[in-house]
Amino acid sequence: MRYTYIISTILIFLIFNLSLSKEAFSQNSRREVKAVRTTTPPKINGLLDDAVWNKANIATDFFQYEPHNDRPASQKTEVRILYDDDAIYIGAKMHDPSPDSILTELGLRNSGANLNADRFWIDINPFNDGINGFRFQVSVSGIQTDINMSGSTGNHGDSNWDAVWESEVSITENGWIAEIKIPYSALRFPKQNIHRWGINFWREVRRTREVSSWNFVNRRIGNPVASMGVLNGISGIEPPLRLALFPYISNYLENHYMNGGRWVNSFNGGMDLKWGISESFTMDMTLIPDFGQVQSDALVLDLSPFEVKYDENRQFFTEGTELYNKADLFYSRRIGAMPKGYYEAYNEIEGNEIIAENPIETRLINATKLSGRTSDGLGIGLFNAMTAASYATILDTITGAEREVNTQPFTNYNLVVFDQSLKNNSYFSLINTNVSGAQDGYIANVTGTDFRFLDESNMYRISGSGAISQQYYYKSDDIFGYKYNLSAGKFGGTWQYNYRRSVISDRYEQNDLGFLRHNNNIGNTFSFSHNIFDPFWRLWTVANVLNFNTSYLYEPYTFAGMNFGYQLRLLFDTRLFINFSANYAPGTQKDFFEPRVPGRFYEIGEALNLYLYYSTDYRRRLYVDGSFNYYTIFSEFDQEELTINVKPTFRVSDKTNISYNFNFFDKKNEIGYVQHINPDTIYFGKRNSPTFTNGIITNYIYSKDLSLSFNLRHYWSRVTYTDNYFFLNDDGSLSAISENLQIPDINYNAFTIDLMLIWHFAPGSQLSFMWKNAIYTNNEKIPDTYYENISRMLNEPQINSFSIKMLYYLDYHYLRSVSNRI
């Protein structure tokens with residue numbers, strides 16, 4: 001039966017692939033504007049006072065996107081476009097009858113969407129395929145935000161992508177002005193004489209929350225990338241040689257309890273390189289990387305059978321990676337992670353030996369990315385990274401002799417992806433990941449596909465992905481597994497409905513370079529929703545969603561459970577957003593993963609989950625985000641989970657804001673795995689687990705180029721066993737035992753401080769100073785009060801790091817002009 005679904009998926013793909021061509025997306029309802037060539041580039045000063053602007057055509061008569069999607073914008077906007085052999089220039093005049101009421105909050109780079117400030121932005125797609133694009137945004141306070149929109153179907157994209165471009169703004173008696181220069185080195189475009197690019201211009205009037213665009217974008221579909229107008233008139237330009245170097249130097253002064261509390265000073269140097277090897281392809285390389293100034297991980301205590309997925313904060317692995325995320329096979333934190341044999345080193349200890357040193361991370365030697373798209377819409381991405389062999393040092397405390405134990409050999413990580421753009425903003429992708437050397441004689445290979453097919457209206461869609469994994473062990477049989485997910489339905493308009501199916505075989509494995517919580521699972525989801533996009537009464541948008549889910553164990557094929565869900569989303573004219581959901585799981589649910597033994601399961605009774613999220617008006621000086629979640633299992637144990645999250649933010653001024661984040665997560669009478677002697681003898685325990693998280697985030701923006709940020713987080717989790725233990729029966733039920741297994745209680749703390757001062761002293765260049773402080777504790781002593789826990793924690797060993805780093809942007813064209821002058 002299960003193979004029928006695979007064959008059906010393949011047939012659906014073949015039918016659609018034969019019916020679709022490589023033509024550009026639908027040209028209906030697309031406005032056009034012509035760029036004018038200039039021999040004298042305008043001065044970017046935010047005044048729009050150069051005479052050359054008078055030659056430019058004007059794009060105006062914007063349409064509302066929010067709150068109304070059926071009428072002209074309430075404020076006039078005029079956009080002019082010029083170009084020369086080096087760059088494209090945009091001059092925008094945002095008319096406003098009340099310029100003294102324009103909101104002007106400052107913020108960090110790439111924080112534009114969260115600023116309480118008016119904004120103007122350009123979406124541009126040199127390939128004009130309705131799938132890829134770049135966004136260049138500037139606020140009235142001068143804060144730049146740039147986003148790689150490639151592959152995005154909404155207003156989100158890769159905000160970690162950083163380009164080097166210029167912008168200046170000014171407030172006038174009639175509104176405000178933005179002047180922007182986008183060098184061709186910041187774009188990728190095909191090599192041809194006459195260009196026809198996709199383009200759209202956007203504006204937000206923050207005080208009224210009105211968002212408008214030059215080319216109409218249907219909010220019922222909500223795909224700005226596929227709804228651009230057309231930019232004509234550009235011809236005779238050549239893609240420039242895109243070569244930039246980012247050399248850096250850094251100095252660290254660190255005190256780590258694992259180094260005996262000594263202060264250690266280190267000096268580092270290295271370089272990132274960005275090279276446009278052709279008009280459409282770019283290679284990024286990091287040589288001797290330094291990631292010491294990345295934000296601290298938000299560590300948590302995890303008692304589940306699944307791995308915790310932490311965010312990637314290293315810029316090289318977050319910027320320009322949209323192609324590599326196809327089929328969800330790439331998790332960059334695998335690179336430079338804990339050595340595979342880290343814990344095995346402790347098994348090598350003999351006699352009087354101790355572990356003197358055991359690196360917790362493998363050392364990254366270098367990493368390279370190559371990506372781009374041809375004029376025929378074929379995207380190609382190559383990624384490769386190498387980590388050095390890792391060794392633990394074992395010391396004989398009597399003789400002083402040392403020996404090394406290899407915890408992970410030299411390892412190579414490789415990824416290749418091909419992504420073909422198709423008609424109607426559709427695409428089809430192939431991707432392969434390969435890891436070799438992580439263990440002696442071991443190679444992990446995963447080959448997958450990712451596709452999306454839409455009709456001409458962009459409302460109906462069939463999409464999905466699939467992959468086959470192969471684990472090769474020297475002198476052993478290969479292990480193969482597969483996964484796929486398929487969704488089909490109507491994803492736009494007032495009435496929406498879809499069906500989704502996901503299958504992951506019991507032998508599928510992608511965690512060598514990807515992330516998968518667990519395999520051996522089948523899921524089905526039916527969803528039906530009604531959406532109101534036209535404002536009425538005090539409401540701007542309303543969505544009602546019903547869904548029904550079933551889950552099965554893949555092998556042996558066994559019903560695991562089902563649930564019914566309802567969701568209500570409301571956006572009020574006061575910008576109050578409410579999201580409520582309720583999920584009910586009737587009957588008996590089977591958890592096949594908590595026992596930690598294949599083939600065993602734990603029966604859970606019927607369950608109810610209630611969730612509420614709210615977000616108030618960000619235009620206020622004080623606004624609040626928060627959520628409430630209640631989960632209960634109807635059983636003899638009275639199991640309950642309660643989560644309360646409150647995050648108030650106070651805007652002290654346009655330069656300063658303070659956020660406090662409080663989270664309380666309480667598990668009462670939780671029944672969970674504690675140990676097993678063998679597959680037939682598994683024990684569960686009853687425990688209570690309250691968790692508190694307190695955080696303070698403060699940003700002080702002195703100017704658009706100088707900022708100070710402070711982030712403090714304290715996570716405190718306790719686990720107290722009630723001395724009630726149970727034997728897991730073969731039918732999934734529990735039987736109480738009289739024996740006290742004496743499972744130790746847990747008191748876990750994670751306390752971090754990140755303080756960073758950043759000065760962007762030149763385009764693409766920055767000087768940063770950072771202080772990082774961290775305390776991590778894990779013991780059995782449960783304090784009576786929060787303050788007692790704080791006092792104990794602050795007396796524990798700490799990690800302190802002070803660092804300074806300078807990164808300088810060197811552009812080939814700038815260096816050539818300097819050398820010519822010399």
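Two residues are in contact here when heavy atoms of one lie within 4.5 Å of heavy atoms of the other. Keep that in mind as you explore this predicted model.

**Stop 1: Phe120**

Select Phe120 and look around it. Which residues does Phe120 touch, once its neighbours within four places in sequence are left aside? The contacts include Val79, Ile90, Ala92 and Met94. Phe136, Gln137 and Val138 are also among them, as are Trp176, Ala178, Ile180, Phe201 and Trp202.

Now widen the view to the largest nonpolar core, which has 43 residues. Within this core, Phe120 and Phe201 touch the most other members. To see where the core comes from, colour the strands that each give two or more residues to it: E5 (77-83), E6, E7 (119-125), E8 (134-139), E11, E12 (194-205) and E14 (229-235).

There is also a second, separate core, this one of 26 residues. Ile335, Ala385, Val417 and Leu513 are included in it, so you can select those four to find it.

**Stop 2: strand E11**

Next, select residues 175-183, which make up strand E11. Is this strand largely enclosed or largely open? Eight of its nine residues are buried, so the rest of the structure largely encloses E11.

Add residues 87-95, which form strand E6. E6 and E11 run antiparallel and are joined by nine bridges. For one of these pairings, show Ile90, whose bridge partner in E11 is Ile180.

Then add strand E10, residues 166-172. E10 also pairs with E11 in the antiparallel sense, over seven bridges. Here Ser167 is the residue opposite Ile180. Follow the chain from E10 to E11 and you will pass through a hairpin of two residues.

While you have strands on screen, try showing their side chains. In a regular strand, side chains alternate between the two faces of the sheet.

**Stop 3: strands E25, E26 and E27**

Move on to strand E25 (residues 442-454) and strand E26 (residues 460-473), an antiparallel pair joined by 13 bridges. Pick out Phe451 and its bridge partner in E26, Gly464. The hairpin of E25 and E26 has five residues between the strands. What is there to see at Asn458 in this hairpin? Asn458 takes a positive phi near 70°.

Finish by adding strand E27, residues 479-490. E26 and E27 pair in the antiparallel sense over 12 bridges, and Arg461 stands opposite Gly489 in E27. Their hairpin has five residues between the strands, and in it Lys475 takes a positive phi near 65°.

Technical notes:
Residues are numbered from 1 along each chain as its sequence is written. This is a predicted model: local features need pLDDT of at least 70, side-chain atom pairs count only at pLDDT 80 or more; totals for chains, interfaces and linings use all residues. Side-chain values use heavy atoms; hydrogens and water are left out. Buried means under 20% relative accessible area, exposed over 50%, partly exposed in between (1.4 Å probe, protein chains only). Helices (H or I, at least four residues) and strands (E, at least two) are DSSP runs, numbered from the N terminus. Two strands pair if DSSP finds at least two bridges between them. A nonpolar core is a set of buried Ala, Val, Leu, Ile, Met, Phe, Trp, Tyr and Cys residues joined through side-chain atoms within 4.5 Å.
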